[in-house]
Amino acid sequence: MKAVVLSTVDNLALADVKKPKPGSKECLVKVLACGICGTDRHIYHGEYPSAKPVILGHEFGGVIEEVGPGSKFQVGQVVSVDPNIVCGKCLDCKEGRTAFCPDLTALGVNINGGLAEYVLTPDSQIYPVRNDLNPLHLAFIEPLACSIRGLDLANLKGGEKVAILGGGVIGLLVVQLAKLAGASEIVLVTRQKFRRDVALKIGATRVIDPINENVDTAITNMDVTFECAGSVETFKQSQKITRRGGSVIVLGLTASDATLEVNPFNIVVNELRIQGSFLNPLTQARAAELVESGKLNLDILISKVVDLSGVKAILDAPPAEGDIKYIACP
Ligand SMILES: [Zn+2]
Ligand SMILES: [Zn+2]
């Protein structure tokens, strides 16, 4: 079968590899769609740890091609896959903090993933969806699950005012989730005009261009701010625009060695809650159901669809201005 294999740092190629055979309680999934994301770029260049060689791709779904002994699934079922495999037995797992499982491994990071014709998937990671779901929407379930984790942590209440810093796929999914959650105001901040226009079509009540407007004064008193840009600058802004007693939910990843100065006094007297949000613990099933419901506008987020031979060119270039989501369909 064809697969996008990272053999060493900076060495990525479309290769012919052996089609795997499902073992006990495993399925062989024929991939219908796999998202290509920023994490894949980081893994490609050695900025995010991974196994090597490894087949990339952690945002995927497909149709079950073959089932191993004892599997509870059937050939022909369309499924979404949660790439993060945890032990289910350690204290963190048992208490619902599965993202911190010391045995966490991920399809497309430590073991072979979805940028391939087929992928071996443990039963524990499989979430069936409607067989007539648009296959491209399978690529959104994992990033949506990460966004829903952010919503869970925000404890957003109806009528609250929300700001979202960053207009990538996570930011634009959070815009739609905030709308569904009943936010009274949804302000999106992003440099790219195309992304601001998309945000207005899918639920943002206001958009801000941070190059031409001063974010710190243009937005004030937000109940919840979602930091989805992953920069020190937006992290600082998020604390200034959030109301006293409000929450900052940090979904964006900065470089692992980025630092900044904080003012502890302001955090105390403003009772500011700064809360990180990591991976998709216990949210994949809800993400799959929400995608199935058709309540999200996902098509507007798709910038380009390629086959496996087009993946390397996408990862070799920086994301083009205005582009939001790239998807590979093997
Ligand atoms: Zn991703
Ligand atoms: Zn565990």
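**Zinc, ligand 1.** I looked up the zinc ion (ligand 1) in this predicted model: its protein donors are Cys-37 (SG), His-58 (NE2) and Glu-59 (OE), lying 2.0 to 2.3 Å from the ion. Donors here are N, O and S atoms within 2.8 Å of the metal (3.2 Å for Na, K and Ca); water is not among the atoms, so the site may look incomplete. I noted the sequence spacing of these donor residues as C-x20-H-E. Cys-37 and Glu-59 link distant parts of the chain, 22 residues apart: Cys-37 sits in the loop between strand E3 (26-36) and H1, Glu-59 in strand E5 (residues 59-67). Helices (H or I, at least four residues) and strands (E, at least two) are DSSP runs, numbered from the N terminus. Both Cys-37 and Glu-59 are buried, where buried means under 20% relative accessible area, exposed over 50%, and partly exposed in between (1.4 Å probe, protein chains only).

**Bookkeeping.** Residues are numbered from 1 along each chain as its sequence is written, and chains are lettered from A and ligands numbered from 1 in the order in which they are written. Local features need pLDDT of at least 70, side-chain atom pairs count only at pLDDT 80 or more, and totals for chains, interfaces and linings use all residues; side-chain values use heavy atoms, with hydrogens and water left out.

**Zinc, ligand 2.** Next I checked the zinc ion (ligand 2), whose protein donors are Cys-87 (SG), Cys-90 (SG), Cys-93 (SG) and Cys-101 (SG), at 2.3 to 2.4 Å. Their spacing reads C-x2-C-x2-C-x7-C. The 4 donor atoms subtend angles of 104 to 119°, so the arrangement is tetrahedral (for four donors, all angles between 85 and 135 degrees). The ideal angle for four tetrahedral donors is 109.5 degrees. Cys-90 and Cys-93 are both buried.

**Backbone oddities.** Most residues other than glycine have a negative phi, and most peptide bonds are trans. I found a cis peptide bond between Lys-52 and Pro-53, with omega about 0°. Pro-53 is in the loop between helix H1 (38-44) and strand E4 (54-55).

Asp-10 has a positive phi, near 70°, and lies in the loop between strand E1 (2-8) and strand E2 (11-16). Asp-10 counts as partly exposed because its relative accessibility is 45%.

Leu-282 also turned up with a positive phi, near 60°. I placed Leu-282 in the loop between strand E16 (273-276) and helix H9 (284-293). At 60% relative accessibility, Leu-282 counts as exposed.

Notes
Tetrahedral: all angles 85-135°; square planar, octahedral: opposite > 155°, others 65-115°.
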